[in-house]
Amino acid sequence: MENELTKNKQRAGWANTALHAYSQAVEGERAREDLYDSTGTVAIDLFCDLCHLAHQNGYDPLCLIETALTHFRCERVPAGDEEFEDIF
C-alpha cells in the first residue's frame, strides 16, 4: 500500500512539473507574471489546450479524459486512499 502511495506522489510530482512548464510557456507568451495564481487555474487551461491538441490529431477529447479518469481511479484504489470516495 505504501508503495502505491509513493507512486501516486511521484505521478503528482510529474504533473506538477508539466504544469509549471506549461505555465511558464504561456506566461512567457503573454508577458505577465501573475497569469496563474493557482494550480487549479493552470490545470484547467492545460486540460483545455490538451483537448484542442487531441481534437486536431483526430482524438475525441472526452474519450481521452474518461480513460484518464479510469486510470486515476485504478491507481487510487490499490493505494488505499481514504479520500477516494470523496473525489468521485
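Begin by selecting helix 2 (residues 39-56) together with helix 3, whose axes come within 9 Å of each other and cross at roughly 120°. Because angles of 65 to 115 degrees count as roughly perpendicular and those over 145 as roughly antiparallel, this pair of helices, helix 2 and helix 3, is classed as oblique. Keep in mind throughout the tour that the model is predicted.

With both helices still selected, show the side chains at the place where they meet: from helix 2 the contact is made by Cys51, Ala54 and His55, and from helix 3 by Pro61, Leu64 and Ile65. If you colour these residues by chemical class, the contact of helix 2 with helix 3 divides into 5 nonpolar residues and 1 polar residue, with no charged residue taking part.

Next, stay on helix 3, which spans residues 61-76, and select Glu75 along with Arg11 in helix 1. The side chains of Glu75 and Arg11 meet in a salt bridge, with a distance of 3.6 Å from N to O. This pair links distant parts of the chain, since Glu75 and Arg11 lie 64 residues apart. Switching on a surface here lets you examine how far each partner is covered: Glu75 is partly exposed, with a relative accessible area of 27%, and Arg11 likewise counts as partly exposed, at 28% relative accessibility.

From Arg11, move along helix 1 to Lys7 and Glu4, which are 3 residues apart within this helix of residues 2-30 and are therefore separated by about one helical turn. Lys7 forms a salt bridge with Glu4, in which the closest N and O atoms are 3.5 Å apart. Lys7 is partly exposed as well, its relative accessible area being 33%. How many salt bridges does the structure hold? There are 2 of them, one joining Lys7 to Glu4 and the other joining Glu75 to Arg11.

Finally, clear the selection and bring the whole protein chain into view, coloured by secondary structure. The chain has 4 helices and 0 strands, so that reading along the sequence gives the pattern α-α-α-α. Of its 88 residues, 18% count as buried. The protein chain exposes about 6900 Å², of which carbon and sulfur atoms supply 57%. If you display contacts between residues at least 6 apart in sequence, 34% of those contacts join residues at least 24 apart.

Notes. Residues numbered from 1 in each chain as written. Predicted model: local features only at pLDDT ≥ 70, side-chain atom pairs only at ≥ 80, totals over all residues. Heavy atoms only, no water. Helix = DSSP H or I, 4+ residues; strand = E, 2+ residues; numbered from the N terminus. Buried < 20%, exposed > 50% of the residue type's maximum accessible area, 1.4 Å probe, protein only. Contact = heavy atoms within 4.5 Å. Areas by Shrake-Rupley, 256 points an atom, 1.4 Å probe, with all protein chains shown as cover. Salt bridge = Lys/Arg side-chain N within 4 Å of Asp/Glu carboxyl O. Axes fitted to C-alpha atoms, helices over the stretch in contact; angles between N-to-C directions. Parallel < 35°, antiparallel > 145°, perpendicular 65-115°, else oblique. Nonpolar A, V, L, I, M, F, W, Y, C, P; charged D, E, K, R; others polar.
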